[in-house]
Structures are given as C-alpha cells and as structure tokens.
Amino acid sequence: MPVTDPVHEAVNAVYLSDSRRVLATLIRLLGDFDVAEEALHDAFRAALEQWPRDGVPTNPRAWLVSTGRFKAIDSLRRRSRFDALDEAGDQAEIAVVDTAAWADEESVEDDRLRLIFTCCHPALAPDAQVALTLREVCGLTTEEIAQAFLTPAPTLAQRIVRAKAKIRDARIPYEVPTRAALPERLDAVLRVIYLVFNEGYAASSGTLVTRHDLSAEAIRLGRLLVDLLPEPEARGLLALMLLHESRRAARTSASGDVILLDDQDRSLWNRDQIAEGTRLVEGALASRGFGPYTIQAAIAAVHADASTAAATDWAEIVGLYDVLLRADASPVIELNRAVAVAMRDGPAAGLALIDAILQRGDLLDYRLAHAARAELCRRLGRTVDARASYERALALARQEPERRLLERRLAELL
Amino acid sequence: MKYLCLVYLEEEKLRAVPDRECMACGDGFRKSGLLVAAEALQPVETATTVRVRNGKVSITDGPFAETKEQLAGFYLIEARDLNDAIQVASKIPPAREGSIEVRPVRQLDLQ
C-alpha cells in the first residue's frame, strides 16, 4: 500500500511501535494466541478503514485493544465456535465489562512480561521457545525466523503451531512468575535471548545481514526485559551483548576472515556500546544477585577498557574467571581461564591447565580447546605438538572463516 | 485388589475409537462398581517431564525418554494450570530418582 498519506503512515507507525503490546494484552483478554493474533489483524484492518474517516484516536493502543477484542468476540459468536471456545468467550465477556483491566499502563506492561515468560516457558522445547519469542514478542515473520535459523519455513511454522497447542492444551498460564519461581524462569528467558544473540553473532553461515539482524533483535529484547524487569542478570546479559556487539566491525576483515581479539583494530570498536555496556555491568555488579552473565560482561568490559591488547589487565580477568567458575563451573570456562592464565603467567602455565582438562576427558571434541592448545604450543616453540592440535581443531571446525584462520596458522608453522 | 489398565494407541489412531463409546464403557463399569477413575489424555506433545536432582526442579518438554525407566505408579491431581501441576509433581518422591510425566487430561468429545 502507498504510505504517502499521513493516516496510513500513522497506522504503520503505530503498528511498528505498539502491535506487540496490543497483542500481549489481547492474549490476556482472549485467552488464546491464535484468536488474539486474528484480533490484532482485524483491529489494524479496521484502523486502516476508520482512521482516514474519523481521524487517529487520541489513544491508538487502547482503541486497537478494544476494537480487536470486540472483533474477536463477534467472530467467535458468528462462527458459533462459542461452545468449543467457551472459555475464551467467557474471558472475552468479562473483558467487555471490565474496561479498566486493560486501560492502565501498568497492566499493559505486565502483559508484555507475561508474553515473554509464556514464550520462554521451560515446558516448551528450547527451539520452540526461541521461535515463539521471535514470532510473538519481536513480531518477526515465520519466514524471517526460518531464514535466520536456516530452517525450512514449514518446519518452523510447525514448531510454532505445536508450541501454541501445548500452551493451550497443557494450560501454560499467561502470567509473570512468582518471586520464588522468578530466578529459574528468568534464566530460561535470558538463555533464549542469548541464544538468539549468538546465532546472529557467530555468523557461522547464511547471509551476514540476516544474522546481524538477529543480534540486533536480541539486544532489543534485552533492553525490553531490562525496562520491564531490571534484575541484575538481565542487565548483565544486556551488557554482555552490547560489549560483544561493540567489536563487530573489528572482528572480521573485508574478505570475511576472522580477526582475533588481540589483532583487532580497537579504533573500530563502538564506543557508545562500550560505554553503555560498562555502565550496565557496574550497576549489576553493585547489586546483590548478579550471576554468570554479569561476570562474563565484566570480563568483556576489562577487554574493552584496554587501549591495546598488551595493556589488557589479565590478572583482573583471571580473577573474574575464578568468580565465574564458582558461580557456574564448566570445562569451557576452565578453558577460557587457562587462556587468561597463559596471558598472565606465560604459555607453559596455561598449557598445563588445558592439558589437565583434556586428560580428564573433557572438551576432547571442542575445537577451541585444541586451537588454544595449538596456540600455546606454538608460542613455546613446540611445533610438532602445535601442528597436531591445529589439525585436530581444523577437523572439528565447521565454520568457513574459522577454518581459514586455522589453515593460515598451520601454514605459518612451516 | 485394584488394577491399573493403561491404554496405548498410535498417534494416528487416537481418534479411531469414538469418545462416546469410551464414555459409555466407563459408565457401565461405574454402575457395576468396577471403576475407580478413568480419563482420556491429551496427545504426547502436551507432555512435560519434571525431575528433581539435588533439590533442584528441572522441567523439559516431552515425555520421559529413559528406556530403563518403567511406569511405576500414578497420581491423578487437580491443579489450576501447568505451573501448579509442575509444583505438585516436583513433590512426588520418585521425582528425585526417576521422572514424572505430567500430561493434561482431555475432555471427552461427545458431540
């Protein structure tokens, strides 16, 4: 449609700024995702018809909620699906009487949180949580999500249909978790957001543009969550994403090759994102209840603070990894700590730690463990060991830019 | 002596037997004093598995998948929604050792 006339532009602007809020409230009022989505479309269709004639209402969002709700009740009645959906019908009836329930700002913001927590409910499969969140909370189309995750669109659509069916049939409630359940439920939400971010940040395959959009979408989600629920770990995750994102321009060459942190042109780092990320980390660290995301963000902030790779405060980073290991012990974090120890105390100290992890049988199939081992062996002049580890890493690496990096390193050993 | 009769069906045959017939069967059993409780279940896609390990509740989508685990008992509970059902399920002692599959009961469709 042509967007030249001001009313259409207004409708489009409201769609962009408010359609997800309206949907979140309609789901609460109508008690069903599909019914609410249809109501949302009907409401916007009505806006396109009526606003040019009657003018843009003073509170477009409230107008859309109330119009969508009436349209939904109307169509439920008309299709005489009232029996099958009498619960949705009952809730809708109540909503007609209770105008205050959807009008106030606070309950509308709560609806957005309800939607996030419902989409990220742990009783849904992890890939379904991601798909549903991007679809319902971010408003991406099924095709966009499918493209970004390199999944056939029908598969993704099926995932979303199943998730919605489970929400309805198993009666997953549309609510913000209680205080007691919050930490665990928030973890699930943060995991979904970080997964979306990494999917975009890793840029493993697919078109770079699409994947970059995923990172931007994750940061938008992270911001929304911090606005709605400023828990320390929510702030920590947003900080972590911003601090990683700040290096985007510096981490790949014009030809698409990976540039490691040490070799990056730090003048390309995004200072605004670093400043915002650092501020968020400081706030999160100062509060009680911060966790792994905040600590990882603090590590990223130490890197961001160093004007050159050589100026990095490795002692501080090792200390933060110690804290992280206590909060969230894992072999991968041990590996990262070992690399930091190598930077602080020399390659031999780091290599001993990595060998201890591998001898334990951990990370044997983790390419970065072998790449890190190779790097330290190379620095120690142990060329034969370095070559063996680079080759092991190469055999495990699947991403093209990473393979090229490892091949370059191997060639340099000669 | 009480006996639990478990109904197994392939997914595509879930609707092969009319609900009306099952309802009539249940009514007949009840009249004869044979029936303690009977319910139809939602399909397996609606299942949620609850486990408790080291005092921590873990929730996953889908039915239990450990082939060594066998059906050892059941609790038919009344709960407001899935969150409440999970809460109750996590208090069932074998949740610490095995897993509890939480499956919603389905209303029989008598139309």
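**Exercise 1. Find the loop in chain B that holds Asn54(B), then say whether this residue is buried or exposed.**

Step 1: Asn54(B) sits in the loop that links strand 2 (48-53) to strand 3 of chain B. Helices and strands here are DSSP runs, numbered from the N terminus: H or I over at least four residues for a helix, E over at least two for a strand. This is a predicted model, where local features need pLDDT of at least 70, side-chain atom pairs count only at pLDDT 80 or more, and totals for chains, interfaces and linings use all residues. Residues are numbered from 1 along each chain as its sequence is written, while chains are lettered from A and ligands numbered from 1 in the order in which they are written.

Step 2: Check the backbone. Asn54(B) is not a glycine, yet its phi is positive, at about 50°. Most residues other than glycine have a negative phi.

Step 3: Count neighbours. Asn54(B) is exposed because it has 6 C-beta neighbours inside 10 Å. The cut-offs: buried means 20 or more other C-beta atoms within 10 Å of the residue's own, exposed means 12 or fewer, and partly exposed is in between, with C-beta atoms placed from the backbone.

**Exercise 2. Do the same for Leu150(A): which loop is it in, and how exposed is it?**

Step 1: Look between helix 8 (142-148) and helix 9 (153-169) of chain A; Leu150(A) is in that loop.

Step 2: Its phi is near 50°, a positive value in a residue other than glycine.

Step 3: Leu150(A) has 13 other C-beta atoms within 10 Å, so it comes out as partly exposed.

**Exercise 3. Sketch the make-up of chain B, then of chain A.**

Step 1: Chain B has two helices and five strands, and along the sequence they run α-β-β-β-α-β-β.

Step 2: The C-alpha trace of chain B spans about 45 × 35 × 30 Å along its principal axes. Of its 111 residues, 14% are buried.

Step 3: Chain A has 20 helices and zero strands. Buried residues account for 38% of its 414 residues.

**Exercise 4. Describe where the two chains touch: how many residues does each give?**

Step 1: Chain B gives ten residues and chain A gives twelve. A contact means that two C-beta atoms, placed from the backbone, lie within 7 Å.

Step 2: On the chain B side, strand 3 (56-61) and helix 2 (82-89) each supply at least two of the touching residues.

Step 3: That side of chain B splits into three nonpolar, four polar and three charged residues. Here Ala, Val, Leu, Ile, Met, Phe, Trp, Tyr, Cys and Pro are nonpolar, Asp, Glu, Lys and Arg are charged, and the others, Gly among them, are polar.

**Exercise 5. Work out how helix 12 (residues 232-245) of chain A packs on helix 13 (residues 271-286) of chain A.**

Step 1: The angle is about 155° and the axes are 8 Å apart. Axes are lines fitted to C-alpha atoms, for helices over the stretch in contact, and angles run from 0 to 180 degrees between N-to-C directions.

Step 2: These two helices are therefore roughly antiparallel. The classes are roughly parallel under 35 degrees, roughly antiparallel over 145, roughly perpendicular from 65 to 115, and oblique for the rest.

Step 3: Residues making the contact include Leu238(A) and Leu242(A) of helix 12 of chain A, along with Gly277(A) and Leu280(A) of helix 13 of chain A. By class, this contact has nine nonpolar, four polar and three charged residues.

**Exercise 6. Now pair helix 10 (residues 182-202) of chain A with helix 12 of chain A: what are the angle and the axis distance?**

Step 1: The angle is about 5°, with the axes 10 Å apart.

Step 2: Helix 10 and helix 12 of chain A are therefore roughly parallel.

Step 3: Ile193(A) and Phe197(A) are among the helix 10 residues in this contact, and Leu237(A) and Met241(A) are among those from helix 12.

**Exercise 7. Which residues have the most contacts inside the largest nonpolar core?**

Step 1: That core has 112 residues, and the answer is Leu26(A) and Ile193(A). A nonpolar core is a set of buried Ala, Val, Leu, Ile, Met, Phe, Trp, Tyr and Cys residues joined through C-beta atoms within 7 Å.

Step 2: Leaving out residues up to four places away in sequence, Leu26(A) touches Ala36(A), Ala39(A), Leu40(A), Val65(A), Gly68(A) and Arg69(A).
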